[in-house]
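Hi everyone, thanks for coming. Let me put the structure up on the screen, and then we can walk through it together.

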Amino acid sequence: MGRAYTYRCDKCGYEDHFNEGHGFLIHPMSLDSYLESGTILFHHKTNSVIEKLAKEHKNLFIDAGFKIFKCPDCNLLYDKIEVTVYDDGKILHKSEFRCTQCRARLKLTNIHRLKKAVCPKCKQYSFRLDQRKQVLWD
Ligand SMILES: [Zn+2]
Ligand SMILES: [Zn+2]
């Protein structure tokens, strides 16, 4: 289950939604069942990493879910499907994302503590979490 957060810009009125959590088909599973399912859920680069790891290791476990990231330089928000591959509790692979504006590596953000971010439209520091518009999804 996940949550969708709404952010709204005080200056220009731009609104956007960010997802966090596990959803339909995006949930923890064993790597074998993922590969057997034949569906490609992730970015093709992530998929080739997963296939390569599956050949080298046995009984891998894969966790995937929406997480909210923030660019440390331009303070823009992103929601991304973060994929982590575990081998007996050890992390073998974890997705990394870059800001489309400045190419800085995105940092995971705690949306509950983040009250303000930069509006992707007008670039003002006035993008605020709208507490009334939280939506649950599954
Ligand atoms: Zn704005
Ligand atoms: Zn950036």
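Let's begin in the largest nonpolar core of this predicted model. Twelve residues would be a lot to read aloud, so just find a few of the 12 on your screen, including Tyr 5, Tyr 7, Ile 68, Leu 77, Ile 111 and Leu 129. Which elements give two or more residues to this core? They are strand 1, running 2-9, and strand 9, running 127-137. Strand 1 provides the largest share, with 3 residues.

There is also a second core, separate from that one, with 11 residues. Among them are Leu 31, Phe 42, Leu 53 and Ala 64. Keep Phe 42 in mind, please.

Now the rings. The model has 6 aromatic pairs. One of them is Phe 18 with Phe 127, an edge-to-face pair with 6.4 Å from centre to centre and 85 degrees between the planes. This pair connects distant parts of the chain, since Phe 18 sits in strand 2 and Phe 127 in strand 9, 109 residues apart. Both Phe 18 and Phe 127 are buried, and both belong to the largest core. If you zoom out a little, ring pairs join Phe 18 and Phe 127 with Tyr 7 and Tyr 14 into a cluster.

Back to Phe 42, then. Its ring pairs with that of Tyr 34: the centres are 5.2 Å apart and the planes meet at 35 degrees, so we call this pair tilted. Tyr 34 is buried at 1% relative accessibility, and Phe 42 is buried as well, at 7%.

On to the metals, which I suspect some of you have been waiting for. The zinc ion labelled ligand 1 is held by the SG atoms of Cys 9, Cys 12, Cys 119 and Cys 122, at 2.2 to 2.3 Å. Why do we call the arrangement tetrahedral? Because the 4 donor atoms subtend angles of 107 to 114 degrees around the zinc ion (ligand 1). For reference, the ideal angle for four tetrahedral donors is 109.5 degrees.

Along the sequence, the donors of ligand 1 are spaced C-x2-C-x106-C-x2-C. Cys 12 is in the loop between strand 1 and strand 2, and Cys 119 is in the loop between strand 8 and strand 9, so this pair ties together parts that lie 107 residues apart in sequence.

Is Cys 119 buried or exposed? Cys 119 is buried, with a relative accessible area of 0%, whereas Cys 12 is partly exposed at 38%. Leaving aside residues up to four places away in sequence, Cys 119 touches Cys 9, Cys 12, Tyr 14, Leu 76, Gln 124 and Phe 127. Cys 9, Cys 119 and Phe 127 are also members of the largest core.

The zinc ion labelled ligand 2 has its own set of donors: the SG atoms of Cys 71, Cys 74, Cys 99 and Cys 102, lying 2.1 to 2.4 Å from the ion. Here the angles run from 102 to 124 degrees, which makes this arrangement tetrahedral too. The spacing along the chain is C-x2-C-x24-C-x2-C. Cys 99 is buried at 0% relative accessible area, while Cys 74 counts as partly exposed at 23%, and so does Cys 102 at 34%.

One last item for the cysteine fans: how many disulfides does the structure hold? The count is 0.

That's my tour. Thanks for listening!

Notes:
Residues are numbered from 1 along each chain as its sequence is written. Chains are lettered from A and ligands numbered from 1 in the order in which they are written. This is a predicted model: local features need pLDDT of at least 70, side-chain atom pairs count only at pLDDT 80 or more; totals for chains, interfaces and linings use all residues. Side-chain values use heavy atoms; hydrogens and water are left out. Donors are N, O and S atoms within 2.8 Å of the metal (3.2 Å for Na, K and Ca); water is not among the atoms, so sites may look incomplete. Four donors count as tetrahedral if all angles lie between 85 and 135 degrees; four count as square planar and six as octahedral if opposite donors are over 155 degrees apart and all others between 65 and 115; anything else is irregular. Buried means under 20% relative accessible area, exposed over 50%, partly exposed in between (1.4 Å probe, protein chains only). A disulfide is a pair of cysteine sulfur atoms within 2.5 Å. A nonpolar core is a set of buried Ala, Val, Leu, Ile, Met, Phe, Trp, Tyr and Cys residues joined through side-chain atoms within 4.5 Å. Helices (H or I, at least four residues) and strands (E, at least two) are DSSP runs, numbered from the N terminus. Contact means heavy atoms within 4.5 Å. Rings of Phe, Tyr and Trp (its six-membered ring) pair if their centres lie within 6.5 Å; planes under 30 degrees apart count as stacked, over 60 as edge-to-face and the rest as tilted.
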